[in-house]
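This briefing is meant to be read alongside the sequence and the coordinates. Please keep both in view while working through the points.

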Amino acid sequence: MSTDLKIDYIELPAADFDAVQAFYEAVFGWSFENYGEQYRAFSDGKLDGGFYRSDKVSSSEQGAALVIFFAEDLEATEQSVIAAGGQIVKPIFEFPGGRRFHFTDPHGNELAVWTKTGS
């Protein structure tokens, strides 16, 4: 499969790089590389991205794109988010073909996790 014209990199704001790094390492197993005081990059093994220094947050309510993860075990992932310090902002709900929840990371960025419903 070609990588041409595919989403390749995402960036999110963060004021405390150590807090977001600890959260994403604990919940999603990401690895990080520090690029100084203004930027910290991450890799999830499939997609790369980074956090840039900012007090702003990414929120779908404010019109930002919503990053959505896939999880085989939605409830276990929700508990991992909570245990790592994330806040559930939309508890698990159903939609055609799946279920998902929305959360905020330690900086306040909103993301979501979904899973498929029975086939």
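What follows moves from the chain as a whole to one of its sheets and then to its nonpolar core.

The model is predicted, and its chain comprises 2 helices and 8 strands. From the N terminus onward these elements follow the order β-α-β-β-β-β-α-β-β-β. The points below concentrate on an open sheet of 4 strands and on the largest nonpolar core, which has 20 residues.

**Overall dimensions and packing**

- The radius of gyration of the chain is 14 Å, which agrees with the value near 14 Å that a compact globule of 119 residues would have.
- Along its principal axes, the C-alpha trace spans about 45 × 35 × 25 Å.
- Of the 119 residues in the chain, 35% are buried, while the chain exposes about 7,300 Å², with carbon and sulfur atoms supplying 49% of that area.
- Among contacts in the chain with a separation of 6 or more, 52% are made by residues 24 or more positions apart.

**The four-stranded open sheet**

- The strand order in this sheet is S5-S8-S7-S6, and the pairing is mixed.
- Strand S5 (67-70) and strand S6 (87-95) are the edge strands, each of them pairing on one side only.
- On average, and with direction ignored, neighbouring strands of this sheet are turned by 20° against each other.
- The pairing of S5 with strand S8 (residues 110-116) is parallel and extends over 4 bridges; within it, Ile-68 has Ala-112 in S8 as its bridge partner.
- S6 and S7 run antiparallel and are joined by 6 bridges, with Ile-88 finding its bridge partner in Phe-103 of S7.
- S7 and S8 also run antiparallel, here joined by 7 bridges, and Arg-100 stands opposite Trp-114 in S8.

**Hairpin turns**

- The hairpin formed by S6 and S7 leaves 2 residues between the strands, and Gly-97 in its turn has a positive phi of about 95°.
- The hairpin formed by S7 and S8 leaves 5 residues between the strands, and in that turn Gly-108 has a positive phi of about 110°.

**Strand S7 and the helix across the sheet**

- Helix H2 (residues 74-83) lies across S6, strand S7 (98-104) and S8, and runs at about 5° to S7.
- Because 5 of its 7 residues are buried, S7 is largely enclosed by the rest of the structure.

**The largest nonpolar core**

- The residues with the most contacts inside the core are Tyr-24, Trp-30, Phe-51, Phe-69, Phe-103 and Val-113.
- Two or more core residues come from each of strand S1 (9-14), helix H1 (17-28), H2, S7 and S8, and H1 gives the most, with 5 residues.
- Phe-103 thus appears in two settings, as one of the core residues with the most contacts and as the bridge partner of Ile-88.
- Which residues does Val-113 touch, if those up to four places away in sequence are not counted? Its contacts are Phe-28, Ile-68, Phe-69, Ala-71, Leu-74, Thr-77, Arg-99, Arg-100, Phe-101 and Phe-103.
- Among these contacts of Val-113, Phe-69 and Phe-103 are also listed with the residues that have the most contacts inside the core, whereas Ile-68 is the residue whose bridge partner in S8 is Ala-112.

Note on methods
Residues are numbered from 1 along each chain as its sequence is written. This is a predicted model: local features need pLDDT of at least 70, side-chain atom pairs count only at pLDDT 80 or more; totals for chains, interfaces and linings use all residues. Side-chain values use heavy atoms; hydrogens and water are left out. Two strands pair if DSSP finds at least two bridges between them. Axes are lines fitted to C-alpha atoms, for helices over the stretch in contact, and angles run from 0 to 180 degrees between N-to-C directions. Contact means heavy atoms within 4.5 Å. A nonpolar core is a set of buried Ala, Val, Leu, Ile, Met, Phe, Trp, Tyr and Cys residues joined through side-chain atoms within 4.5 Å. Buried means under 20% relative accessible area, exposed over 50%, partly exposed in between (1.4 Å probe, protein chains only). The radius of gyration is taken over C-alpha atoms; the globule rule is 2.2 Å times the number of residues to the power 0.38. Accessible areas come from the Shrake-Rupley method with a 1.4 Å probe; for residues, only the protein chains shown count as cover.
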